[in-house]
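Welcome! Below is a short guided tour for anyone meeting this structure for the first time. Take a look at the picture, and then read on.

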Amino acid sequence: MAAPSTYATFAKVLSSYHGQYAEAGPSSQLDAPIRRDAVLDEQGGLLTALMGSLEETLRQDDETLTPDEREALLLEHRTWGLVRSIYENRLERSAADFVATSAADQLRENPYTTPEDLTQTMVNEDSELSLFAALIDHLQTRALFSAPPPIEARHGYLPSTVRRLRTAKLNPSSASTAVPPSLDPDFALRDPHTYALAGEDATYHAPLMDVLWDLVRHGELDQAIAVCEEGGEPWRAASLMGGRRWSMAGLTKDELALGTMEGNRTRQLWKKSCRAIAKNATLSPSERHLYAALTSDLPTLLPACETWEDHVWAHVQARLEGRIERRWRDLGGFWEAEGRREAEGGDVEPDQGGLEHVFAAVADSQKDAVVRASHNPYHVAQKMIVLDRSDALLDSFADRLAGLEDSVSLELIGPLLRFFTHLVLVRRALSLSVPAAAANAIIEAYLRVLERGGEAGLVAMYAACLREGSGEESYARFLRSMKPNATKEERRDALLRAKQHHLDVATIAKETVRMILQEAFATIPALTPGVPDISSFATGLSERDVYLIRSIEWLTFVPETADEALVKSNDVARYFLALGQAGAVLALLKTLPDFPPPDDDDDADRALNYEEHVHIVKLFSVFAAHDGVDDVLARAPKATATKVEQFNWKKKLASALDVLHTETIDVLTSDWLRFPIRSKSENGSQRKKELSRIRQIFVPDLVLRLHARLMDNRVHFATLLQQAIDLSKLVAAEDNHVYEEFFSRATGPDRLAAYLDKAREASMAALEAGSRDPFRAPVAVAV
């Protein structure tokens, strides 16, 4: 069994969380407000669950994913992590019960507040600093499936160099290089032309620095310290620890109940020293990069940054460090003054601007790969979310939907639309603003992705998230696009699925049929002048005919659309009848339910529509009567049959002919399809033209068919000749308007002339039978 797609798992996650945590109680609506903690919790929140779904896809489908698809999924996973961090920060600070302690007040109350405690207060107090810190926390977490660069496990200080020194002391004559007087960390730097590390130690230094840089870059300082200690470089471990701000519990102006002391009291001096290392051109680039990362020395740090996230991290880290230092200088206090004295000459960098300047600087990077990454849709989304411009992001993306294929690979469009659709739903779940028009456009595009991807079962739940009636319209578009050979049960299930997501099923059914008929009638041939030949009922239906007939099915599944089914079935029936396709109309009638007759409360339009339907059914009662006559004639007894068999057969034939005569006369004398239709009503003018054309096609045909039946069978029943003669009187009667239908602009009087020839033959038959009146057949005529 195939694993569910990411589209299905995303829908399942959203549905599950709305069922459990919706603020108004369990809900099947995917964008209903949810408790904030249920969305943003780092361990079990909705966003974490979406990230888990992406991780599962990456693990299961690793071999089938293209490199671009894999990268897109990893970026989407990363973006959801940023969304969680940023929204958690902003929403927590915007809560009514959020109160930030003032750093100035804290320092006034306790001048001995330690740098660590005061820094934490500064960050909590300042919304921008707090956002910087949240962003750095996110950027320092490792991307999915990433790990530090591998490095050989080593124990002891410069083991190869130490072995070489020992060998040289035991056998001075065999020494290939000068023996240094000491092995302190800087011995090779003081005289690089004379002394050098042994080969393995020299080659180990660069990858060690790269690993340490990577660990510092990802906030894993403890691991970096452990690597240094295990490698016999405790002095380097101590240099890495120097960045921790000093803290000691229990230190107040009223009490000196000293607790554990942590961090670096001389951090300013440490920072000055690290920056000197970072700018020391005699050191290896990797070592300079390491100490630049510790102190956010951008000129030295940026060349070591390879990715877009690296550059954002470097710029934000530098601004956070600088902002805290300036704020600390402004506030003063005991420890600030002490630190300034110890690090005399250490200047505080000027303000480099906020997050706008960060992203502008990254986009202006000297590295082409970073510049290209700045235009990646997921990085653009991350930037706009950080800048709190989600509405503008959604508007911009919605505007680009039409040309999305020009800038994004086809296989990546679905995942990208999935991300933006769920960003809309997550913002609504958190009660954040979402531009309705942009959201509708994005969700509608996502519905098309689901339709093409075979995720029909998900369309209704997402269509329900469209605003201002668009949900019904979009779901109707989905129903319209269902495969033409879908069974009636499949169609019913698809329509009724919308009810589970609070969509108006009747509106959807009506809109589906409206779109189908609008599209079909716009492409099918227009009615041509002249009277078409009436198709045989045995003629097969084209795919287009079946498509039109089955379109009415959508209106037969719920009682609320019965009246619309009546209207639209009449529309389709008129179209087919105007083409002479009686067989198609018969197929349509077989799919329709029994419509109840109008009652006193129904309006005139409903009564008129019902009457039109009844008249159409009457036509097929006549055709059925013709079939009845043919059926009896087909079972005519042989010449050797008994008189009883012949008598019984003639009796059945008489009955069938009588039914045919009655049904036909009923149509001809009932003002068939002649209704008082207002031209200004909906489709009124077109409807009048179609009804007029249908009468011109079928009324003469009914007359000629009945005349032929009567004349052909007068051999069996003498009264049929008189009925044929009387039919001409009915045609000529002004009240019945029958003769009028024999005239058309295309045929002129030709069809009436043809009928008059037939009527003349009946009169001649009467005269030949001995009647003296051409309009009265002999009573006992026998031919």
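A good place to begin is Phe 717, which touches Lys 650, Leu 653, Ala 654 and Leu 657, leaving aside residues up to four places away in sequence. Phe 717 sits in the loop between helix H34 (684-712) and helix H35 (719-732). One of its partners deserves a second look: Phe 717 and Ala 654 are 63 residues apart in sequence, yet their C-alpha atoms are 7.7 Å apart in space. Is Phe 717 buried or exposed? Its relative accessibility is 17%, so it counts as buried.

Before going further, please keep in mind that this is a predicted model.

**The whole chain**

Now for the wider view. The protein chain contains 36 helices and 2 strands. Of its 783 residues, 49% are buried. Its accessible surface comes to about 38200 Å², and carbon and sulfur atoms account for 52% of that. How do contacts spread along the sequence? Taking contacts between residues at least 6 apart in sequence, 69% join residues at least 24 apart.

**Helix H23 and its two neighbours**

Helix H23 (residues 410-429) is a handy landmark, and it can be followed to two other helices. With helix H24 (residues 436-452), H23 packs at an angle of about 135°, the axes being 9 Å apart. The two helices are therefore oblique to each other, and H23 passes H24 in a left-handed crossing. On the H23 side the contact includes Gly 414, Leu 417, Phe 420 and Val 424, while the H24 side includes Ala 439, Ile 442, Tyr 446 and Val 449. By class, this contact has 10 nonpolar, 3 polar and 2 charged residues.

Helix H1 (residues 6-21) also meets H23: their axes come within 11 Å and cross at roughly 5°. That angle is under 35 degrees, so H1 is roughly parallel to H23. Thr 6, Tyr 7, Phe 10, Leu 14 and His 18 of H1 make this contact with Gly 414, Pro 415, Arg 418, His 422, Leu 425 and Ala 429 of H23. Sorted by class, these residues divide into 6 nonpolar, 4 polar and 1 charged. Some H23 residues serve on both sides of the story: Gly 414, Arg 418, His 422 and Leu 425 belong to the contact with H1 and to the contact with H24.

**Helices H20 and H21**

Another pair to find is helix H20 (residues 377-386) and helix H21 (residues 390-399), whose axes come within 8 Å and cross at roughly 150°. Here Val 380, Ala 381, Met 384 and Ile 385 in H20 meet Ser 390, Ala 392 and Leu 393 in H21. The contact has 6 nonpolar residues, 1 polar residue and no charged ones.

The table below sets out the three helix pairs described so far.

| Helix pair | Axis distance | Angle |
|---|---|---|
| H23 and H24 | 9 Å | about 135° |
| H1 and H23 | within 11 Å | roughly 5° |
| H20 and H21 | within 8 Å | roughly 150° |

**Two loop residues with positive phi**

The loop between H20 and H21 holds Asp 388. What is the phi of Asp 388? It is positive, about 60°, although Asp 388 is not a glycine. Most residues other than glycine have a negative phi. Leu 673 is another residue with a positive phi, near 55°. Leu 673 is found in the loop between helix H33 (643-668) and H34, and with a relative accessible area of 1% it is buried.

**Two arginines in helices**

To finish, here are two arginines. Arg 78 is in helix H4 (residues 67-94) and is buried, with a relative accessible area of 9%. Leaving out residues up to four places away in sequence, Arg 78 touches His 138, Leu 139, Thr 141, Arg 142, Ala 143, Glu 309 and Gln 382.

Arg 327 lies in helix H16 (residues 308-331). Its relative accessibility is 29%, so it counts as partly exposed. With the same sequence neighbours left out, Arg 327 touches Ala 103, Ala 104, Met 122 and Glu 125. Arg 327 and Thr 119 are 208 residues apart in sequence, and 9.1 Å separates their C-alpha atoms in space.

Key: Residues numbered from 1 in each chain as written. Predicted model: local features only at pLDDT ≥ 70, side-chain atom pairs only at ≥ 80, totals over all residues. Heavy atoms only, no water. Axes fitted to C-alpha atoms, helices over the stretch in contact; angles between N-to-C directions. Helix = DSSP H or I, 4+ residues; strand = E, 2+ residues; numbered from the N terminus. Parallel < 35°, antiparallel > 145°, perpendicular 65-115°, else oblique. Left-handed = near helix turned anticlockwise from the far one by under 90°. Contact = heavy atoms within 4.5 Å. Nonpolar A, V, L, I, M, F, W, Y, C, P; charged D, E, K, R; others polar. Buried < 20%, exposed > 50% of the residue type's maximum accessible area, 1.4 Å probe, protein only. Areas by Shrake-Rupley, 256 points an atom, 1.4 Å probe, with all protein chains shown as cover.
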